[in-house]
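Student: I am new to this structure. Please take me through one part of it closely, the metal site and what surrounds it.

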Amino acid sequence: MIEHFFQCPYCWQDISMLLDSSITHQSYIEDCENCCNPIQIEMSFTDTV
Ligand SMILES: [Zn+2]
């Protein structure tokens with residue numbers, strides 16, 4: 001698992017989340033821990049270390 005930081009598009013709060021780097025492409029909805037708005041997360045790992 002790797003920790004990924006991104007910014008909430010609603011409140012601009014920095015949010016950290018854990019992603020499974022063994023999955024090359026993942027897309028899901030995560031609720032912002034600050035403003036509770038649902039954020040569509042789309043991550044793809046093109047280069048796995
Ligand atoms: Zn937010």
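Tutor: Start with a term. A residue is buried under 20% relative accessible area, exposed over 50%, and partly exposed in between. Cys35 has a relative accessible area of 26%, so Cys35 is partly exposed. Cys11 is also at 26%, and therefore counts as partly exposed. Keep in mind that this is a predicted model.

Now the metal. The zinc ion is held by four sulfur donors: the SG atoms of Cys8, Cys11, Cys32 and Cys35. They sit at 2.2 to 2.3 Å. The angles among the four donor atoms run from 103 to 112 degrees, and the site is tetrahedral. For four tetrahedral donors the ideal angle is 109.5 degrees. Along the sequence, the donor residues follow the spacing C-x2-C-x20-C-x2-C. Cys11 belongs to the loop between strand S1 (2-7) and strand S2 (14-19), while Cys35 belongs to the loop between strand S3 (25-31) and strand S4 (38-44), so this pair ties together parts that are 24 residues apart in sequence.

Look next at the hairpin on the Cys11 side. S1 and S2 run antiparallel and are joined by six bridges. One bridge pairs Ile2 with Leu19 in S2. Six residues lie between the two strands of this hairpin, and Trp12 has a positive phi near 60 degrees there.

Then follow S1 to Phe6, which lies in that strand. Phe6 has a relative accessible area of 14%, so Phe6 is buried. What does Phe6 touch, not counting residues up to four places away in sequence? The contacts are Gln13, Asp14, Ile15, Met17, Ile39 and Ile41. His25 is another matter to place: 19 residues along the chain from Phe6, with 17 Å between the C-alpha atoms of the two.

Phe6 also leads to the core. The largest nonpolar core has 10 residues: Phe6, Cys8, Ile15, Met17, Leu19, Cys32, Ile39, Ile41, Met43 and Phe45. S2 and S4 are the elements that give two or more residues to this core. In soluble globular proteins, nonpolar side chains tend to be buried together.

Put the pieces side by side. Cys8 and Cys32 are zinc donors, and Cys8 and Cys32 are also core members. Leu19, the bridge partner of Ile2, is in that core too. Phe6 is in contact with Ile15, Met17, Ile39 and Ile41, among others, and these four are listed in the core as well.

Notes
Residues are numbered from 1 along each chain as its sequence is written. This is a predicted model: local features need pLDDT of at least 70, side-chain atom pairs count only at pLDDT 80 or more; totals for chains, interfaces and linings use all residues. Side-chain values use heavy atoms; hydrogens and water are left out. Donors are N, O and S atoms within 2.8 Å of the metal (3.2 Å for Na, K and Ca); water is not among the atoms, so sites may look incomplete. Four donors count as tetrahedral if all angles lie between 85 and 135 degrees; four count as square planar and six as octahedral if opposite donors are over 155 degrees apart and all others between 65 and 115; anything else is irregular. Helices (H or I, at least four residues) and strands (E, at least two) are DSSP runs, numbered from the N terminus. Buried means under 20% relative accessible area, exposed over 50%, partly exposed in between (1.4 Å probe, protein chains only). Two strands pair if DSSP finds at least two bridges between them. Contact means heavy atoms within 4.5 Å. A nonpolar core is a set of buried Ala, Val, Leu, Ile, Met, Phe, Trp, Tyr and Cys residues joined through side-chain atoms within 4.5 Å.
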